[in-house]
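Here's a walk through this one, starting with a charged pair and working outwards to the whole chain. Keep the viewer open as you read.

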Amino acid sequence: DSKKFTKQNLIDIIRQLPKPFLLLGDFNSRNVSWRCSHTDDRRKMVEELLDDENLFLLNNNEPTRHNIANGTFSAIDLSITNLNSASLFEWQVLTSYNSSNHWPIGIQFFEHSPPSQLSTHWNLQNPNWELYSELIEHDLNNKPIDFNCCDNQVEIDSIVKLFTDIIIEAANKSIGLKTNLSSRKKNVPWWNKDCHEAILNYKKKLNHYKKTKSCQDHVLLKKARARSRFITKNSKTLSWQEFTSSINQKTSPKIIWNKINSLKGKQFKIIPDILYYNQDKIVSTPNASESFAHFFQKNNSNENYDLDFISYRNVNNKVPTLSQTNVHYNLCFDISELTSTLQSCTSPGPDNIPYIFLKNLPVIGTQTLLHIYNTLWTKGLFPSQWRNANVIPIPKPGKIKFDIENYRPISLISTLSKLLEKMINKRLIWVLESENHLVKEQCGFRRNHSTLDALSLIHTDICSSFRSNQHLITIALDIKKAYDTVWKNRVLSILHSCDLNGNILEFINNFLANRKFCVKINNHPSSSHDIVNGLPQGSALSVTLFLVAINDICKSLPKPVKYILFADDCNIYCSGSQIETTSHFLQLSLNALTKWSTESGFSFSPSKTQCIIFNKRRKDPLPLITFMNTPLTFTSNIRILGLTFDDKLSWRPYLTKLKTDCLSRMKIIKTLENNTWGSETKSLLRIYKSLILSVIDYGAIIYSSAKSNALNTINPIHNQGIRLATGAFRTSPVDSILCNAGELPLVLRRHTQILKFISRIKSMPNHIASKILHNPLPYISSNNRNTIFEYFKIISENLGLQTQTLSKVQLPSPPWLWSPNINTQLTNFCKHSTDSNIIRNLFSEIMSQQYSSSTHIYTDASKNSNGVGFAAIIGHVNHKFSLPPSTNIFTAETYAIFEALKIASSLNSDFFTIIGDFLSALISISNPYSKNELVQHIQKLLSISNKTFCFMWVPSHVGISGNERANKSANEATLPHNALKINLTTSSELLDIINTKISDTWQTKWTSVPPSNKLRNIKPSIKKWNFPCNLKRRDEVIITRAKIGHTHLTHSFLITKEPAPLCDACNVDLSIDHIVTRCPKYAVARKIFKYSSSLRLALSEENTEAIYNLFYFIHLNNKL
């Protein structure tokens, strides 16, 4: 620019740059030698710089700037490099891009890696699964796999390769491969023939003017430039409008961002062409693959261990003795385990088999796969090809992409191996959980656990220390390369100490041994490298093994010190009244952790370990706490599991950052929400919820203890997001914006989350987070920070929420052995198309042949306007029960089964058949991993009972006498005072009750909104009004603004500070009410409404289409 700079300023910059380098910029230095019209004072300085520093000017005498006003050209944009690298660059001016007076400069670097190979992937858009299945079935029938020859490694490798080849060959013929053309240059989606011709015409006029320099040619050049800019801009607009109108509820945010970037001409590339590793430049893709592999291997090498641990490991590096046991977890797998595990879908590994290939195997293919798994399981073998992994480097967020050390590995392992590992992992988790081998404090990667559990514990303890006028010191530990430094033999020893042995321990031993990986970049693989230490990444089994490895991290902490764990994220803390005493206990804890590190192989990073003192007092001195001979630093803010705690627990730093992050994310909403051609309201609301509201919601139950003025700082984010998504005018009242969109205010969202969180914890009495429900804190003053449970009690009392839930229980028997006796033979006969006599005869035949000696129990449930009830009939005894009116029919039917089991348990008979129309309940009961508490209690009763129970499904209302009696009794049970009342419900039912209570609260608040609120006058209910299908964005905005009553036409004066607009026909204040119901100017147009006598009727949901038709008819649609 025109600011002064010296030659020394440029020299200082150049001498900091690695070679080769490029120095680019508008130097504002004119010299006729590089095609300027004259020479100025800066020319000499630049010339001296080039000579003294041995530099080269890449400019080729082409002008880089066109002053369109006076028609002059100049070359003030200079490109400078070091002399030895000049031949590596090709320099040119891109005159096709004419949106600025300065043309872009294109520089091509010739030291590129060889062209990358085009990658291929399966063409799964139109697969022929029928042919795929037939081909596999044909191959397996004609060439059956011989499982008699699989006693050694070579034979099992051959069998696995044969089965893999059969799948791949069938897929090649029935599905086919598709070449990934992402590496080829793609035009931006808005480019078309008109753009090409307009740019071509501009370049012709430009070249002609350069030769003639006549005024007439200059005018023609300016016209060509203006037309090319108009055409390209218009093409971009049309392309964008077409895309935004195609966005719907199923469009993912990733697709949206990719489309936005492509429209802007941005080509996303994960790994750049030039990389640096150990200060060496890497430009070749094969070299880059090898460098990445070398770096990733260093992460799991012995270099990460200190000498003390290596000495300890050399003495104690023994593999536990493996022996065969016939316990339940070592039994062979069955087909139900295999099919239930085939639910996930992830990227394929070295075998190139996606999960969907295995889902679509024929019966013989699934049976063969199961046979292979059981052979490996029982013979203690592991295929060699399953030990290999493909690693894809992914840049760490916020890090420089050119440095290899700023990447993390994503490992893709064999799909066939991953499926077996998942089945084994389910068994391992059940054993560890049922026998309480994992510490309660571990909240990571466990069922019914989350980060909020750990955060709620530490938050409650901080509030407790504040309430007692004490302090609390927290130390956030950092473990270096935790996953890559796991000592494998130690994991095996821990599992062996948990009485695990036989097939499961032998498989894990084989699974961990001799692992290898290669790095793939642009389809160029590196050489194979050994995984010396650590766990194989990409496997579900590795996650559980890591929890085992780190399980005893805090076993030696002195008792006053507490801790929370989320995988490897460990925080220890201690509270007290004396800083010296508290820090002493924490110092003892750190010493114990240092000793544990020496014996486990995990290494801590003292420099990244943070400390904070939560203290209401200000003048307490900072204690000296050392960790591995390094003094720890204290901070005023600390980040724990995604939330930033400050030392006063005010939450202001976190809420400030949260607001900044959300405003940044709001850009995508602003990009898509154009009121003329933007995306539909439903889609924008969905994008807002997934990108912004989810961030606000995370940890909301924790930071809800902040003062109201701090919490109010994020309310505008929520209001703005909803307003932009719906197209409401800027002056619209917040209450109207939220009610129109059907979105709760943030305060009610926090209340909902608190109620649901505590309700979940109350259903799990043995959960670590249940500690926050006990030992109520002392009450001192109203300025105290409330805990989550205290907020729960306050909100529950205000809402009158007193419902109790059943507690969760774990299936006492192994889930893989769960097989209840369920008969659904009659589902093959539709009662609407099959004669009732036939169904009754079939039922009688089944009962006489299979259940003649059992005691029959008929159950049914009913839900009507009177209430909810169910009944169980045994012989002539009729048991009636009633449930809360909010209970759904599924819960009622399941409760009927539960009560029938309890009744049967008290009878003398040993064999019972429970009969009813409860198919959904039976499906849930057959699932050993059900989350429904009532189903869990049923499963527990069935497991521990010494009686035999069978379940028989029958269709309702087909004349089966016992079923008809149960139905009649269930209807009678809905009447008041006619049945035994049950108040216990499930957590899913309680969630519905909570939602209803919160909605009622919001409705009450909406009802109390002053009558001046225009939407309140036409929409008394908070129930969301929906748009008709296929409306354009403009129409949705018109409807929204008309109903809210705030439009650009009627309320823009509040922003511009001008006088309120008046009706030109009536000379009264202009409003939507006046236009729609009173103004005589639009009397004819108002006939479009079904009802126009009142605003409430005219703008009702039934008149939605008529609203925008009216404003189009009176030509006000562009003014709202």
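Let's begin with K947 and D910, which form a salt bridge in this predicted model. The closest N and O atoms of K947 and D910 are 3.8 Å apart, and the cut-off for calling such a pair a salt bridge is 4 Å. What does the contact connect? K947 sits in the loop between helix 30 (933-944) and strand 32 (948-953), while D910 sits in the loop between helix 28 (889-905) and strand 31 (911-916), so the bridge ties together parts that are 37 residues apart in sequence. The two partners also sit on opposite sides of the burial scale: K947 counts as buried at 13% relative accessibility, whereas D910 is exposed at 51%.

Now try K161 and D165, another salt bridge, with the closest N and O atoms 2.8 Å apart. Here the partners share helix 4 (residues 153-174), and because they are 4 residues apart in that helix, about one helical turn separates them. K161 counts as partly exposed at 48% relative accessibility, and D165 is partly exposed too, at 36%.

One further pair to pick out is R1078 with D1073, where the closest N and O atoms of the salt bridge are 3.1 Å apart. D1073 counts as partly exposed, with 27% relative accessibility. How many salt bridges does the structure hold? The count comes to 20.

Next, some lysines that gather on the surface. K396, K399, K480, K481 and K608 form a positive surface patch. Take K480 as your way in: K480 belongs to strand 15 (residues 479-480). K480 is partly exposed, with a relative accessible area of 41%, and that clears the 30% a residue needs to exceed to be part of a patch.

Backbone geometry gives you a couple of other places to stop. A567 isn't a glycine, yet A567 has a positive phi, near 60°. You'll find A567 in the loop between strand 19 (562-566) and strand 20 (569-576). Is A567 buried or exposed? A567 counts as buried, at 7% relative accessibility. N1067 also has a positive phi near 60° in a residue other than glycine. N1067 lies in the loop between helix 36 (1053-1056) and helix 37 (1072-1078), but N1067 is exposed, with a relative accessible area of 59%.

For a sense of distance across the fold, look at N995, placed in helix 32 (residues 987-1007). N995 is partly exposed, with a relative accessible area of 32%. N995 and T474 are 521 residues apart along the chain, and their C-alpha atoms are separated by 36 Å.

Time to zoom out. The domain assignment splits the chain into domain 1 (7-109), domain 2 (193-246), domain 3 (440-486 + 539-646), domain 4 (652-799), domain 5 (815-984) and domain 6 (1010-1114). Between domain 3 and domain 5, the C-alpha centres lie 50 Å apart. Along the principal axes, the C-alpha atoms of the chain fill a box of roughly 110 × 95 × 80 Å. The secondary structure comes to 39 helices and 33 strands, and buried residues make up 50% of the 1120 residues in the chain.

Conventions: Residues are numbered from 1 along each chain as its sequence is written. This is a predicted model: local features need pLDDT of at least 70, side-chain atom pairs count only at pLDDT 80 or more; totals for chains, interfaces and linings use all residues. Side-chain values use heavy atoms; hydrogens and water are left out. Patches are made of residues with over 30% relative accessible area and no salt bridge: like charges are joined within 9 Å, nonpolar side chains (Val, Leu, Ile, Met, Phe, Trp, Tyr) within 5 Å. Accessible areas come from the Shrake-Rupley method with a 1.4 Å probe; for residues, only the protein chains shown count as cover. A salt bridge is a side-chain nitrogen of Lys or Arg within 4 Å of a carboxyl oxygen of Asp or Glu. Lys and Arg count as positive and Asp and Glu as negative; His and the chain ends are not counted. The place of a charge is taken as NZ of Lys, CZ of Arg, CG of Asp or CD of Glu. Helices (H or I, at least four residues) and strands (E, at least two) are DSSP runs, numbered from the N terminus. Buried means under 20% relative accessible area, exposed over 50%, partly exposed in between (1.4 Å probe, protein chains only). Domain bounds come from an automatic or database domain assignment.
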